Amino acid sequence: QRKSAATQYWLSGSVWNRFSHHNRVCGMGHARSIHQDTVVRRLTADEMKKARESKQKVERETQGKLPRQKLNERARERKVPASRISRLANFGGLAVSLGLGTLAELAQKYLNGEKPKDTHSLLDSSPVLSEANAEKIVDTLCRVRGAALKIGQMLSIQDNSFISPQLQRIFERVRQSADFMPTWQMFKVLVEELGPDWQQKLAFFEEQPFAAASIGQVHLGVLNDGREVAMKIQYPGISESINSDIDNLLLILKMNVGLPEGLFPDNSIQVLQRELAWECNYTREAACAQRFRQLLPDDPFFYVPKVIDDLTTKRILTMELVSGVPLDHCTNLSQDIRNEICYNILRLCLREVFEFRFMQTDPNWSNFFYDAQKHKITLLDFGASREFRKEFTDNYIEVMKAAAEGDRTKVLQKSRDLKFLTGFETKVLEEAHIDAVMILGEAFATSEPFDFGAQNTTRRIHSLVPVMLKHRLVPPPEESYSLHRKMAGSFLICAKLKAIIPCQQLFQDVYGKYWEQAGLTSDEVSTT
């Protein structure tokens, strides 16, 4: 009785009966109970024939394909808390639970006579981040989803210098799979976005999602022409709660976990909130995906799925279904294949910022699907795509070149041109800033293959953060937050796959092409 009229429409009547029978005939999904007083009619012969043909076509076309992505076995069907009050209640419950869990953890260690562990992980020294408390954080994030879960995903892809391997395994669930909506809540979004007759555009729709992430969950569908599609359906109330979710989660983590100072400075939070608002607009994401298809039409290693326009709205995004596995599942591939994957990831990253000046800035491993049969990577999730000003890239490419050449003076000069520095900073800050840039440029500084698996870039950068925060006079340019997140994520992919690849020539080729397109020679650039 509390459900909306749109939901009742789906839980009763001939349309629901036809669709649930369709699922049973196709052997997919689960039959749902309907109200006893519902008027139900039988399937017609034409409808039965269409269901059988749809099932047979799906079976024929899926034979020999790689296994599809599946929900994490721990994912549960739970209603998304859509109101701000209900979401705040979840965060409040987490805060109380973390406090009690921390007291229990400290008491147990005291009674057992345990000494603090000698750990090299920045987030492993806090008693709050015991495995039990980390499980509570993950459980809350997977329940509320949205912006809070997005931050959890950012933590999940960090390397061992940031969080311990044990905590990485716990946060892995955050990245792999959130909980998913009940069927009635999911159907309510479909009806509100596509209208009550949306199912007429599909020959088949699977009720249970095969993936659930921070902003929405993904379902298998089959168009009337037989093409398989992935339908991403946004959780209700997510876009309206971005700012409050981030504020609530960071307050809890700062009070209880003790996040490293400066991990989420105020300016980066504002950028993150704006980018999450972009990600909640699936119409914008569809346009970004179509733009990338135009930018990479014949790329030998990357593929961008096609958008299905008539099944795409602000809260529903439908694209052709692709096969493959996320990049973190590629650790057991041969060294040569891992090297090729990572080389192309860096190639794409450099092309995005310096050739396209348009970048997909979310480096989540699940946004890159490797298809072993085709030996290609499919690019997914374009919600956080953004443009870069030419003035910004003109100076940034020179900063990278100076770092690759070991020119500390030019790094400082171009950093001022970029507005990273004002020119009035202390010598301590200038040296720390230059050191950080030089560390990031190491991969491009040598003609020998760079061993990403042996590098400690993250730890060395984090050791400089307190100095830069204490003495910095102005926040970095807005574009740098997104760019550095993507570049750091690309480096983490290379480290995860233990790539050993030559990077110097790759950057030099991009550098030469950048100024060639601008109509300048290297000599002319050096005099500017």
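Biologist: Which residue of S9 does Val-325 stand opposite?

Modeller: Tyr-370. This is a predicted model. Val-325 belongs to strand S7 (325-326), and Tyr-370 to strand S9, residues 368-371.

Biologist: What makes S7 and S9 a pair?

Modeller: The bridge count. Pairing needs at least two bridges. S7 and S9 have two, in the antiparallel sense, so they count as paired.

Biologist: How many bridges join S9 to S10, and in which sense?

Modeller: Four, and the sense is antiparallel. In that pair, Phe-368 stands opposite Leu-379 in S10. The hairpin of S9 and S10 has four residues between the strands. His-375 takes a positive phi there, near 55 degrees.

Biologist: Why is the pairing in this sheet called mixed?

Modeller: Compare the senses. S5 and strand S10 (residues 376-379) pair in the parallel sense over two bridges. Tyr-303 stands opposite Thr-378 in S10. S9 and S10 are antiparallel, and S7 with S9 is antiparallel too. Strands of a sheet can pair either way, through backbone hydrogen bonds. This sheet holds both senses; its pairing is mixed.

Biologist: What is the strand order, and which strands stand at the edges?

Modeller: The order is S5-S10-S9-S7, in an open sheet of four strands. S5 (302-303) and S7 stand at the edges. Each has a single partner strand, so one side of each lacks a neighbour in the sheet.

Biologist: Now Arg-338 in helix H12, residues 335-356. How do you know whether it has a salt bridge?

Modeller: Set the distance against the cut-off. A salt bridge requires the charged atoms within 4 Å. The nearest side chain of opposite charge is Asp-451, 8.4 Å away. Therefore no salt bridge is counted for Arg-338. Yet Arg-338 is buried, meaning under 20% relative accessible area.

Biologist: What lies by a polar atom of the Arg-338 side chain?

Modeller: The backbone oxygen of Leu-497, at 2.5 Å. The limit for a polar contact is 3.5 Å, so the distance qualifies. Beyond four places in sequence, Arg-338 touches Cys-330, Thr-331, Leu-333, Leu-497, Lys-498 and Ala-499.

Biologist: Where is Trp-278, and what is it in contact with beyond four places in sequence?

Modeller: Trp-278 is in helix H10, residues 266-279. Its contacts are Arg-284, Gly-383, Ser-385 and Arg-386. Contact here means heavy atoms within 4.5 Å.

Biologist: How many residues separate Trp-278 from Ala-384 along the chain?

Modeller: They are 106 residues apart along the chain, with their C-alpha atoms separated by 6.3 Å.

Key
Residues are numbered from 1 along each chain as its sequence is written. This is a predicted model: local features need pLDDT of at least 70, side-chain atom pairs count only at pLDDT 80 or more; totals for chains, interfaces and linings use all residues. Side-chain values use heavy atoms; hydrogens and water are left out. Buried means under 20% relative accessible area, exposed over 50%, partly exposed in between (1.4 Å probe, protein chains only). Lys and Arg count as positive and Asp and Glu as negative; His and the chain ends are not counted. A polar contact is a pair of N or O atoms within 3.5 Å; within protein, one must be able to donate a hydrogen and the other to accept it, and residues adjacent in sequence count only if both atoms are side-chain atoms.
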